[in-house]
Protein chains: 2
Amino acid sequence: MIVKLKNKPSITGYACVGGKEEHKGPLGSKLDFYDETDRFDKETWEKSESEMQRRCFNILLSKKEIKPTDVDILIAGDLINQCSSSNYGLVDYETPYLGIYGACSTAAEGLGIAAILCDGGYAERAAVVTSSHFCSAERQFRYPLEYGSQRTPTSQHTATAAGAFTVERAQSGAYISEVMFGITNDAGIKDANNMGAAMAPAAVDSLTRYFKESGKKPQDFDLILTGDLGLEGHRIVTDFMDQLGYDMRGVFDDCGLMIYERSRKDMHAGGSGCGCSAFALAASVIPDIICGKFKDVLFIGTGALLSQASVLQGESIPSVAHVVRIRHREDIQ
Amino acid sequence: MIVKLKNKPSITGYACVGGKEEHKGPLGSKLDFYDETDRFDKETWEKSESEMQRRCFNILLSKKEIKPTDVDILIAGDLINQCSSSNYGLVDYETPYLGIYGACSTAAEGLGIAAILCDGGYAERAAVVTSSHFCSAERQFRYPLEYGSQRTPTSQHTATAAGAFTVERAQSGAYISEVMFGITNDAGIKDANNMGAAMAPAAVDSLTRYFKESGKKPQDFDLILTGDLGLEGHRIVTDFMDQLGYDMRGVFDDCGLMIYERSRKDMHAGGSGCGCSAFALAASVIPDIICGKFKDVLFIGTGALLSQASVLQGESIPSVAHVVRIRHREDIQ
């Protein structure tokens with residue numbers, strides 16, 4: 001079901017923080033802050049990720065010149081067990097806190113909820129914060145880095161990045177006109193090193209449901225942007241959509257393909273993680289919508305809902321994809 | 001900030017499923033289904049918990065005589081890493097899915113979001129599902145059961161239970177009139193066997209903020225019900241509130257104290273977990289509001305936002321408490 005938002009809730013602020021590899025990438029110069037060591041002055045990777053979220057939210061507040069108490073609701077989540085990067089990173093703020101879990105779709109889920117809350121007048125200003133960290137994610141989902149495991153060609157590099165946004169009814173050049181939450185999907189993929197294939201069916205499902213219900217087609221958008229399908233997932237979605245009669249070529253990109261140089265073999269199939277799409281949105285896509293380069297963008301946050309235990313217990317990987325339509329507002333620059 | 005809901009979004013359906021100990025307790029006869037083995041026909045505790053959620057949601061749908069596609073949005077979460085009990089338990093339903101993480105406050109967080117979505121017309125019917133399982137939680141947060149660790153007097157017994165609710169604008173005898181999301185709080189407690197003490201400061205913070213903003217006092221309610229503070233947390237909150245000038249005696253209860261016989265020493269400080277408050281609400285509190293035994297209930301879902309890694313890394317335990325005010329509707333029985 002597409003939720004239509006009548007009051008043009010807008011993305012009025014954005015910030016992004018990243019690590020060394022993200023700074024090297026095509027969007028690196030747009031980072032508000034980066035740490036060459038990926039450690040953010042902390043002694044464990046989990047604490048580093050929390051600190052990265054904290055700094056990102058701080059920078060957002062500074063850029064907006066607002067205090068934590070000027071935010072009615074803070075919506076946050078991440079990949080780490082019990083969403084502890086968010087819980088610990090954001091614990092010191094005097095802002096009501098809503099924890100969400102959508103794996104790598106968290107930025108889309110958060111923006112969707114924030115937009116609805118502001119549209120309905122349930123919040124004047126909401127903030128969305130999310131992050132991922134390569135080192136904490138590898139240790140948790142696969143192997144500790146010290147093990148030096150060989151990565152497969154389909155594997156993706158979890159972005160060391162955090163993104164933060166404010167959403168309000170106040171006028172800005174980028175507003176959220178529609179939200180459609182995804183239906184979970186399990187296509188039977190069991191390979192924890194092929195998140196793109198696991199998430200592609202959810203993206204196809206959400207895209208086709210969106211196009212059917214709205215009557216729109218891919219070419220009606222300047223950009224259709226998935227969160228972190230990477231090379232493998234991007235190809236699968238392009239092929240599947242083509243078979244279903246939707247030609248995605250020319251308008252379809254993926255945040256996981258935007259944040260690292262595509263020529264880099266060591267990034268394998270591209271970026272992933274909650275921080276991947278949040279970083280790409282804050283560094284590039286939202287500013288491009290605000291300035292009018294893109295008029296109408298369909299953002300599909302994709303998430304693989306696995307855990308280490310579920311993979312070890314032989315279960316396949318469910319996934320979900322949430323759709324957020326973000327448009328340029330002609331009357332505001 | 002108290003969010004006031006004008007359109008009386010109502011809890012129109014409820015179901016609960018539990019395990020052996022929950023069936024033995026004072027609310028055991030109200031379970032829609034229970035499994036004496038706690039296994040729910042599955043070979044791992046994680047899969048058992050997923051299956052428990054699945055059955056609970058199925059029973060809710062049957063009781064309401066509706067299909068999964070009659071639900072606009074399914075809001076779910078649990079304690080297990082990456083919320084996998086919900087992700088796997090609810091993957092087969094054709095219902096848009098919103099994953100949330102609020103630890104043991106998940107039922108309150110879910111009901112709050114569902115009520116807002118229905119109040120604003122963003123969903124006609126929302127469902128909230130949550131669960132916890134003693135065996136999967138012990139293994140994940142503390143020790144596997146086989147280890148036979150000694151439990152401390154302040155430790156709580158994670159309820160093996162799931163609860164599910166429908167929320168709609170349709171008229172029913174129990175409606176949600178106000179929601180106030182909690183601010184995270186860290187009082188420095190580091191003992192993972194004393195969740196009551198870790199969560200009490202968040203409950204005190206949310207209660208005092210609610211009373212200050214609303215101008216109400218404890219005696220204005222028939223029942224003030226926290227989620228799972230247990231004996232220890234219930235005492236701390238009673239004392240703290242008393243010092244702050246709020247006399248909670250006579251109206252203050254806790255779901256963790258409702259679900260097991262208080263005389264049972266092996267349940268230590270009482271029940272806890274996402275399933276604890278969901279079970280108590282579905283088995284007893286919501287029916288009592290619908291029939292008019294309670295006219296006005298302040299429900300405060302409490303959550304300890306720790307992870308096993310955060311405790312092992314020496315961090316203290318942040319917590320959060322979300323307030324949901326549920327009232328009896330006089331014009332409907």
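**Conventions**

I count angles between axes under 35 degrees as roughly parallel, over 145 as roughly antiparallel, 65 to 115 as roughly perpendicular, and the rest as oblique. Axes are lines fitted to C-alpha atoms, for helices over the stretch in contact, and angles run from 0 to 180 degrees between N-to-C directions. Helices (H or I, at least four residues) are DSSP runs, numbered from the N terminus.

The model is predicted, and local features need pLDDT of at least 70, side-chain atom pairs pLDDT 80 or more, while totals for chains, interfaces and linings use all residues. Residues are numbered from 1 along each chain as its sequence is written, chains are lettered from A and ligands numbered from 1 in written order, and side-chain values use heavy atoms, without hydrogens and water.

**Entry: H2 and H5, chain A**

I looked up helix H2 (residues 45-64) and helix H5 (residues 134-141) of chain A. Their axes come within 8 Å and cross at roughly 135°. H2(A) and H5(A) are therefore oblique to each other. The crossing of H2(A) past H5(A) is left-handed (near helix turned anticlockwise from the far one by less than a right angle; clockwise is right-handed).

Which residues of H2(A) and H5(A) make the contact? From H2(A) I noted Trp45(A), Glu46(A) and Glu49(A); from H5(A), Cys135(A), Ser136(A) and Arg139(A). Contact here means heavy atoms within 4.5 Å. By class, this contact of H2(A) with H5(A) has two nonpolar, one polar and three charged residues. I count Ala, Val, Leu, Ile, Met, Phe, Trp, Tyr, Cys and Pro as nonpolar, Asp, Glu, Lys and Arg as charged, and the others, Gly among them, as polar.

**Entry: H2 and H5, chain B**

I then turned to chain B. H2 (residues 45-64) and H5 (residues 134-141) of chain B pack at about 135°, axes 8 Å apart. H2(B) passes H5(B) in a left-handed crossing. Trp45(B), Glu46(B) and Glu49(B) meet Cys135(B), Ser136(B) and Arg139(B). I sorted these residues into two nonpolar, one polar and three charged.

**Entry: H6 and H7, chain B**

At what angle do H6(B) and H7(B) cross? For H6 (residues 195-214) and H7 (residues 230-243) of chain B I found roughly 40°, with the axes coming within 8 Å. H6(B) and H7(B) are therefore oblique to each other. Their crossing is right-handed.

The H6(B) side of the contact includes Ala200(B), Val204(B), Leu207(B) and Phe211(B). The H7(B) side includes Ile236(B), Val237(B), Phe240(B) and Met241(B). The contact of H6(B) with H7(B) divides into 10 nonpolar, three polar and one charged.

**Entry: the two chains**

I laid chain A on chain B: RMSD 0.0 Å, after a turn of 180° and a shift of 0.0 Å along the axis. That is the relation of a two-fold axis. In chain A, the C-alpha nearest the axis belongs to Ile100(A), 1.9 Å from it. Superposition is by least squares on C-alpha atoms of residues with pLDDT of at least 70 in both copies.

Next, the interface. 57 residues of chain A contact 57 residues of chain B. Chains A and B bury about 4,400 Å² between them, 60% of it on carbon and sulfur atoms. Buried area is the accessible area (1.4 Å probe) that two parts lose on being put together, summed over both. Gln82(A), Tyr88(A) and Tyr122(A) supply 20% of the area that chain A buries against chain B, more than any other three residues. 100% of the interface residues of chain A are also interface residues in chain B, so the copies meet through the same surface.

Terms used:
Helices (H or I, at least four residues) and strands (E, at least two) are DSSP runs, numbered from the N terminus.
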